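Me: I'm new to this one, so could you walk me through it a bit at a time? I'll ask, you reason it out.

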Amino acid sequence: MKHDSLLRIENGRELKISCDEGILWITQAGDFQDFILASRERFVINREGLVIVSAITDACLNVIF
């Protein structure tokens, strides 16, 4: 992902987001806490609804089913 680009995920509960390079910012609808992922960190979506993944820097990520 290029810096400042966004990825929208709808109803992705149980999906895993792996940050392979760069820094990602993740926010979930209905969750007051946002999450920052750096290289080699993972996040599991734990609710239904909209999730926004934003690239704080150029980043490489994987979405794992």
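What follows is a set of short questions and answers on this predicted model.

Me: Let's start with the overall build. How many helices and how many strands are there in the chain?

Reply: Read along the sequence, the pattern is β-β-β-β-β-β-β. That pattern has no helix entry in it, in line with the count for the chain. So the tally is 0 helices and 7 strands, going by the way runs are assigned.

Me: What radius of gyration does the chain have, and what would a compact globule have?

Reply: The C-alpha trace spans about 25 × 20 × 15 Å along its principal axes. For 65 residues, a compact globule would come out near 11 Å. The chain agrees with that, because its own radius of gyration is 11 Å.

Me: What share of the contacts comes from residues 24 or more positions apart?

Reply: The contacts counted here have a separation of 6 or more. Among those, the share from residues 24 or more positions apart is 66%.

Me: What about the surface: how much of it do carbon and sulfur atoms supply?

Reply: Buried residues make up 34% of the 65 residues. The chain exposes about 4,100 Å². Of that area, carbon and sulfur atoms supply 54%.

Me: And the charges? How far apart are the centres of the positive and negative sets?

Reply: There are 7 positive side chains and 10 negative ones. Take the centre of each set, and the distance between the two is 4 Å.

Me: Now the inside. Which strand gives the most to the largest nonpolar core?

Reply: In soluble globular proteins, nonpolar side chains tend to be buried together. Here the largest such core has 15 residues, and those with the most contacts inside it are Ile-17, Leu-24, Ile-26 and Val-53. At least two residues each come from β2 (16–21), β3 (23–28), β4 (35–38) and β6 (50–55). The strand that gives the most, with 3 residues, is β6.

Me: Leu-24 is on that list. Which residues is Leu-24 in contact with, leaving aside neighbours within four places in sequence?

Reply: Some of its partners fall in strands that feed the core: Ile-17 and Cys-19 in β2, for instance, and Val-53 in β6. Phe-35, Ile-36 and Leu-37 are on the list too. The rest are Met-1, Ser-54, Ala-55, Ile-56, Ala-59 and Leu-61.

Me: Is Phe-35 buried or exposed?

Reply: Phe-35 sits in strand β4, and its contacts include Leu-24, Trp-25, Ile-26, Gln-28 and Phe-43. Its relative accessibility is 18%. The cut-off for buried is under 20%, so Phe-35 counts as buried.

Me: Over to Lys-16. How far is Lys-16 from Arg-42, C-alpha to C-alpha?

Reply: Lys-16 is in strand β2 and is partly exposed, with a relative accessible area of 30%. Further along the sequence, Lys-16 touches Phe-43, Val-44, Asn-62, Val-63 and Ile-64. Arg-42 is 26 residues away along the chain, yet the C-alpha atoms are separated by 6.7 Å.

Me: Next, the loops. Which residues does Glu-48 contact, neighbours within four places left aside?

Reply: Glu-48 lies in the loop between β5 (41–44) and β6. At 43% relative accessibility, Glu-48 counts as partly exposed. Its contacts are Asn-11, Gly-12 and Arg-13.

Me: And Asp-58, which residues does that one contact, with the neighbours left aside again?

Reply: Asp-58 is found in the loop between β6 and β7 (60–64). With a relative accessible area of 48%, Asp-58 is partly exposed. The contacts are Met-1, Lys-2, His-3, Glu-21, Gly-22 and Ile-23.

Me: Last one, on backbone angles. What is phi near in Asp-4, and what is phi near in Glu-14?

Reply: Asp-4 is in the segment before β1 (6–10), and Glu-14 is in the loop between β1 and β2. Asp-4 counts as exposed at 56% relative accessibility, and Glu-14 counts as exposed at 53%. Each has a positive phi in a residue other than glycine. The values are near 70 degrees for Asp-4 and near 85 degrees for Glu-14.

Terms used. Residues numbered from 1 in each chain as written. Predicted model: local features only at pLDDT ≥ 70, side-chain atom pairs only at ≥ 80, totals over all residues. Heavy atoms only, no water. Helix = DSSP H or I, 4+ residues; strand = E, 2+ residues; numbered from the N terminus. Rg over C-alpha atoms; globule rule 2.2 N^0.38 Å. Buried < 20%, exposed > 50% of the residue type's maximum accessible area, 1.4 Å probe, protein only. Contact = heavy atoms within 4.5 Å. Areas by Shrake-Rupley, 256 points an atom, 1.4 Å probe, with all protein chains shown as cover. Lys, Arg positive; Asp, Glu negative; His and termini not counted. Charge placed at Lys NZ, Arg CZ, Asp CG, Glu CD. Core = buried A, V, L, I, M, F, W, Y, C linked by side-chain atoms within 4.5 Å.
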